[in-house]
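Student: I should like to work through a few geometric points with you. Please show the sequence and the structure first.

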Amino acid sequence: MLKLNDIVISECHALAAEIAKDIFDILQRKSTIGIERAVLRLLGINGATSDELRIPHVNVICDKLQKASVLINGTALYVEFLNEHFNTSAEQWIEDLYSNRKSLPNLQGIDITKYKDSLVQKAKIALNKISEQSSVRTTSLKQHGEQTTPWLYVIVATGNIHEDLYQAELAAKQGADVIAVIRSTAQSLLDYVPQGTTTEGVAGTYATQENFRLMRTHLDKVGKELGRYVRLTNYASGLCMAEMAALGALERLDMMLSDSMYGILYRDINMVRTFTDQHFARRIQAYAGIIINTGEDNYLTTSEQFDEMHTVLTSQFINRQFAHLSGLKDEQIGLGHAFEMDTEVENGFLLSMADALLSRICFPDCPLKYMPPTKHIDGNIFFAHVVNTLFNLCSIGTGQHIHLVGILSEAIHIPYIHERMLAIQNTRYVFNYFKDFPAEFKIRDNGIIQHRAVDVLQKAFHLLQQIKQEGLISTIEAGKFGGISRSIYGGKGSEGVFDKSNNYFNPFEKFLP
């Protein structure tokens, strides 16, 4: 086992808590149009316009209220008022508003507070549905037992939900414990959630409530045949982060990619929008028992692991604290990292083991998600298979929890079914062949692994000290994470952020962690 300074690790956690709290204090005064849409989805408004555009009803409502300058009070109270005012079904009056057959009444000066009690009751009903879904997961795991770790996390990414169902079934039968449906390219930049089933995604399948439902239902069927519970993963990131979390909770997703800074750095989404959205999204996930997956592995695709691993560790410390502020427990916080050491680096495997062990020791109760090599993989599938074998060995040797299976043609094209099968076979072979390797493995006191871990931890400690002094916002603006700089005033979606009024009301606030 690594010999690390426990005091330094404790101080890193304490610094990260202060850093996250500074941002959290700002968020308390904010909401976003995405959060308001999530509230409406939880309350059961999930339709879309009847024309070919299929604009989600929640977008129609929130856009109208924003234009009327009343979104600052929250959407829920106004929707209750509009239900009474129009005296028709919500679907009908939303369609009428959209087609300009009806107009919003004058909302200024209207006392809408009388609807609070009825909304609280509706919120309880919605949360009961989520609790029932969580109970299904708990019951199934008790019945079949939990899978041993590392869990095999396998992606499907055809663009067509019906093809995804088939590929997910095959992957589960080949040994996958977790099925991750990759989202269509750039969906994170859409400020709406598409409606219904989809078959036209690019390098992935659109994340929609119906697609969530279809895959969950299919995996439940497959799981019963196999005698085990198969977990389902999708995304809760981008401009619809909170909505995705709500839909994932309603349809019993088990994991969701939910990072506090990914959208800022890699999708150029406004900083305040992202921080605000992730907080509410994670509160929903905490309530639903969903395991989040953070995105620190991405830092190693835009910067070198040899030089910048300390930024990954730093972000893990901070991400965990943001998750705690949203009510997530350690067992729900799947911090991300990756096996991305340059394959030309001497003793790169030992350095990679040091990095993986360091994260494991700093976050002993978190289900770490370990990502396969991509940056230094090329079209040579034989070389990729060798490097993925080393990745598999590092994962089992360092006690990782969630293991994303490395594919031969990773980052080259959408993998074929047989490539996924070979990757799963490789992983299962290594995990079995090296099963007790960690118990037999001893780290030299003055060896390469020990020195690397101490060095990375110390650099992370210094960076956390610097962030505490300068602030997380300034650190992001300086490009300290992933070598990418973003401004607090820039980014997509900033127009969707607003300060809550004194009359703001969200019926879920009092029930979520």
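Student: Why are α14 and α18 oblique to each other?

Tutor: This is a predicted model in which local features need pLDDT of at least 70 and side-chain atom pairs 80 or more, while totals for chains, interfaces and linings use all residues. Residues are numbered from 1 along each chain as its sequence is written, and side-chain values use heavy atoms, leaving out hydrogens and water. Helices are DSSP runs of H or I with at least four residues, strands runs of E with at least two, numbered from the N terminus; axes are lines fitted to C-alpha atoms, for helices over the stretch in contact, with angles from 0 to 180 degrees between N-to-C directions. Angles under 35 degrees count as roughly parallel, over 145 as roughly antiparallel, 65 to 115 as roughly perpendicular and the rest as oblique, and the axes of α14 and α18 come within 8 Å and cross at roughly 55°.

Student: Which backbone oxygen does the side chain of asparagine 59 reach?

Tutor: Asparagine 59 lies in helix α3 and is buried (under 20% relative accessible area; exposed is over 50%, partly exposed in between; 1.4 Å probe, protein chains only), at 6%. Not counting residues up to four places away in sequence, asparagine 59 touches Arg37, Asp191 and Tyr192. At 3.0 Å, its side chain reaches the backbone oxygen of aspartate 191.

Student: How far does α15 reach from its first C-alpha to its last?

Tutor: The expected span is 1.5 Å times one less than the number of residues. For the 17 residues of α15, 381-397, the expected value is 24 Å, and the helix comes close to that, reaching 24 Å.

Key: Polar contact = N/O pair within 3.5 Å; in protein donor to acceptor, adjacent residues only side chain to side chain. Contact = heavy atoms within 4.5 Å.
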